[in-house]
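Morning, everyone. I'd like to walk you through a structure I've been looking at, so let me put it on the screen.

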Amino acid sequence: MSEEKIIVGLDIGTTKIACIVGRRSQNGKIEILGYGKTVSTGVRRGIVTNIDDTVSAIKLAVEEASNQSNVEIRSVNVGIAGQHIKSIQHTGMMVRDNRDLEITEEELEKQRMDTFKINMQPGEEIIDVIPQEYIVDGEVVSKPQGMLGSKVETIFHVIVGQKAAALNIIKCIEKAGLTMDYMILEPIASASAVLDDDEREAGVALVDIGGGTTDIAVFHNNKIYHSAVIPFGGNIITEDICTGCQILKRYAEEVKVKFGSAVASENRDDEVVSIPGIKGRAPKEISFKNLAGIIQARLEEIFELVNCEIQQVNSKHKLVAGIVLTGGGALMNHIRQLAEFKTGLDVRIGYPNEHLSVETSKEMASPMYATGIGLVIEGIARIEYQERLERMRAEKDICQQPEHVEEETH
């Protein structure tokens, strides 16, 4: 892919909409050319609930990113999440006409694309199909390209979602004057931004705690084995603080971010913050310990649900690398300790800075931008893959062309 090929990631989240413009630099890192961020009011738990509000927010974020990067943005890679997302396994089988010919990338891609045609429940559609395992003539292989064989079976990780939810995202993009390159599951995008190859090989669970949802992607042997979306995130913690402390939502969000903690015992009883009262009423004093108790209770519930999803894979494939937490929720104080206690696994906080070039601003290296940066990384990888397929097809066409023999003239 040309260094000048510019890719745009659009993260349509519950709390924010972020537009990130990037490209691959000569050293292989991702160079962020510009970004825009605006408050999201038309999305709830990953689902678009107000088209007009979402379109307005997209336009603002795109305009800011365009001005900052000096790039005219026409197409985007967009993320999708929400409780409606589920994953299934499907095995595709291909019987080859000639086992003495090498298995090609083009054959494998055709088998993958055929998987999009399998029947789904009414109202559902396949969002993405990812190869998980290859079996050639009964033997499991890591890379079938170039091998010989008569039968190729591929186990696919198939991501399924509600057709209406996907169509509403596309409608928002089109109404904002843009076109869509790829729709990508958000935890897969986040994983591309914060995981390294060693973690993917050893076994790791990516847990992205966003505003409306907590997204999960589990990897082992460099393959994705499970993905899920839990319909709870940072917003429900804010709502719990509103109810428990009887304060306005804007103050609840502020104290959560500034003074919140995931472990109540890490706070002293005498640490308090004063919150303005409603309509002239007396200010409220909230202790940091009580605040942390509210946050801890909800996070414990989230991590219990996360652990249930992880155990579906961990029983077969041990997650040696444990859990990587990312997303805005990963910035909560002491969240790593709570996650380790609830899951029994090693936990680290995932920052996307490993894949970013040194020119990128420090703000972009935050876990809250992991999905947006991951959408850029995934977009680049998918375009490079398509370009590689096109080169292979072109080379194949050249090889198959008959040699032109000029007739001698007498």
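I'll go through a strand, a helix, the cores, and then some ring and charge pairs.

One thing before we start: this is a predicted model.

Okay, let's begin with strand 13, which covers residues 214-220. How many of its residues are buried? Seven of its seven, so you can call the strand mostly covered. What I like is how the two sides turn out. Thr-214, Ile-216, Val-218 and His-220 point one way, while Asp-215, Ala-217 and Phe-219 point the other way, and all are buried.

So who are the neighbours? On one hand there's strand 12, residues 204-209, which runs antiparallel to strand 13 and is joined to it by six bridges. If you want a spot to find on screen, look for Ala-205, which stands opposite Val-218. The hairpin joining strand 12 to strand 13 goes through four residues.

Then there's strand 14, residues 223-230, again antiparallel to strand 13, with seven bridges between them. Here Ala-217 stands opposite Ser-227. This hairpin has two residues between the strands, and Asn-221 takes a positive phi near 55 degrees there.

Next up, helix 2, which is residues 105-115. Its buried residues are Glu-105, Leu-108, Glu-109, Gln-111, Arg-112 and Thr-115. Why do those end up on the same side of the helix? Because they cover an arc of only 155 degrees around the axis.

Now the cores. As a bit of background, nonpolar side chains tend to be buried together in soluble globular proteins. The largest nonpolar core in this model has 58 residues, and the ones touching the most other members are Ile-58, Ile-73 and Ile-373. Take Ile-373: leaving aside neighbours within four places in sequence, its contacts are Ile-20, Ile-32, Ala-193, Pro-352, Leu-356 and Met-364. Apart from that core lies another one, of 43 residues, and Ile-241, Cys-245, Ile-247 and Ala-339 are among them.

While we're here, have a look at Ala-370, which sits in helix 10, residues 370-400. Buried or exposed? Ala-370 has 0% relative accessibility, so it counts as buried. Skipping neighbours within four places in sequence again, Ala-370 is in contact with Ala-189, Ser-190, Ala-193, Val-194, Thr-326 and Pro-352. You'll have spotted Ala-193 and Pro-352 on the Ile-373 list as well as on the Ala-370 list. To get a feel for scale, the C-alpha atoms of Ala-370 and Asp-97 are separated by 44 Å, and those two residues are 273 apart along the chain.

Last topic, the rings. Searching the whole structure gives two aromatic pairs. One of them is Phe-259 with Phe-288, and that pair is stacked, with 5.0 Å centre to centre and 25 degrees between the planes. Phe-259 is in helix 7, residues 249-259, and Phe-288 is in helix 8, residues 288-314, so the pair ties together parts 29 residues apart in sequence. How covered are the two rings' residues? Phe-259 counts as partly exposed because its relative accessibility is 29%, whereas Phe-288, at 14%, counts as buried.

And we also have charges sitting over rings. The charged end of Lys-16 is over the ring of Tyr-369, 6.0 Å from its centre. Likewise, the charged end of Arg-382 sits over the Tyr-182 ring, 5.8 Å from the centre.

That's my tour, thanks for listening.

Definitions and conventions: Residues are numbered from 1 along each chain as its sequence is written. This is a predicted model: local features need pLDDT of at least 70, side-chain atom pairs count only at pLDDT 80 or more; totals for chains, interfaces and linings use all residues. Side-chain values use heavy atoms; hydrogens and water are left out. Buried means under 20% relative accessible area, exposed over 50%, partly exposed in between (1.4 Å probe, protein chains only). The arc is that of the directions from the helix axis to the C-beta atoms. Rings of Phe, Tyr and Trp (its six-membered ring) pair if their centres lie within 6.5 Å; planes under 30 degrees apart count as stacked, over 60 as edge-to-face and the rest as tilted. A charge sits over a ring if NZ of Lys or CZ of Arg is within 6 Å of the ring centre and within 35 degrees of the ring normal. A nonpolar core is a set of buried Ala, Val, Leu, Ile, Met, Phe, Trp, Tyr and Cys residues joined through side-chain atoms within 4.5 Å. Contact means heavy atoms within 4.5 Å. Two strands pair if DSSP finds at least two bridges between them.
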